[in-house]
Amino acid sequence: MSQLSRNNKTVKVYQLKEYLKDYPNRVVAEIYLEVLQNFDDDELVPDLILENLLLSPEDFKEDA
């Protein structure tokens, strides 16, 4: 999967699944949750998925 996540080095699939639980557009969220079933929870999210959702790894950084 490293070829699919060249820019994303931190966001794991389980993090995006959690984010999508509260995503405002339920139809889009359900589509991506379905797609994410093809990945292990500890894999990095492919760049294209983050880009399509207008997200970046910075959106998932926790406040220190």
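This section describes helix packing, salt bridges, aromatic pairs and one buried serine in a predicted model.

The packing of the helices α1 and α2 is considered first. The two axes approach each other within 9 Å, with a crossing angle of roughly 160°. Because this angle is over 145°, α1 is classed as roughly antiparallel to α2. The crossing between α1 and α2 is left-handed. On the α1 side, the residues in contact are V13, L16, K17, L20 and K21. Their counterparts in α2 are R26, A29, Y32, L33 and L36. Three of these residues, K17, K21 and R26, recur in the salt bridges described below.

Side chains of opposite charge can pair when their charged atoms come close. In this model the count of salt bridges is three. One of them joins D41 and K17, with 2.7 Å between the closest N and O atoms. K17 belongs to helix α1 (residues 13-21), whereas D41 is located in the loop between α2 (26-36) and α3 (47-52), so this salt bridge ties together parts of the chain that are 24 residues apart in sequence. Both partners are partly exposed: D41 has a relative accessibility of 39%, and K17 one of 22%. The value for K17 falls in the partly exposed class because only values under 20% count as buried.

A further salt bridge is formed within helix α1, between K21 and E18, where the closest N and O atoms are 2.8 Å apart. These two residues are three positions apart in α1, which means a separation of about one helical turn. E18 is partly exposed, at 45% relative accessible area.

Helix α2 contains the salt bridge between R26 and E30, with an N to O distance of 3.0 Å. R26 and E30 are four residues apart in α2, and therefore also lie about one helical turn from each other. R26 is partly exposed at 36% relative accessibility, as is E30 with a relative accessible area of 44%. R26 thus takes part in the salt bridge with E30 and is also among the α2 residues that meet α1. K17 likewise appears both in the contact between α1 and α2 and in the salt bridge to D41.

Turning to the aromatic residues, two aromatic pairs are found in the whole structure. In one of these, Y19 and Y23 are paired with a distance of 6.0 Å centre to centre and an angle of 55° between the planes, and the arrangement is tilted. The angle does not reach the edge-to-face class, because that class requires planes over 60 degrees apart. The two tyrosines fall into separate accessibility classes: Y19 is partly exposed at 35%, while Y23 is buried at 17%. Ring pairs link Y19 and Y23 with F60 into a cluster.

The remaining site is S5, which is located in the segment before α1. S5 is buried, with a relative accessible area of 2%. Apart from neighbours within four places in sequence, the residues in contact with S5 are L44, V45, P46 and D47. Of these contact partners, D47 is a residue of α3 (47-52). L44, V45 and P46 belong to the loop between α2 (26-36) and α3 (47-52), and D41, the partner of K17, lies in that loop as well.

Conventions. Residues are numbered from 1 along each chain as its sequence is written. This is a predicted model: local features need pLDDT of at least 70, side-chain atom pairs count only at pLDDT 80 or more; totals for chains, interfaces and linings use all residues. Side-chain values use heavy atoms; hydrogens and water are left out. A salt bridge is a side-chain nitrogen of Lys or Arg within 4 Å of a carboxyl oxygen of Asp or Glu. Buried means under 20% relative accessible area, exposed over 50%, partly exposed in between (1.4 Å probe, protein chains only). Contact means heavy atoms within 4.5 Å. Rings of Phe, Tyr and Trp (its six-membered ring) pair if their centres lie within 6.5 Å; planes under 30 degrees apart count as stacked, over 60 as edge-to-face and the rest as tilted. Axes are lines fitted to C-alpha atoms, for helices over the stretch in contact, and angles run from 0 to 180 degrees between N-to-C directions. Angles under 35 degrees count as roughly parallel, over 145 as roughly antiparallel, 65 to 115 as roughly perpendicular and the rest as oblique. A crossing is left-handed if the near helix is turned anticlockwise from the far one by less than a right angle, and right-handed if clockwise.
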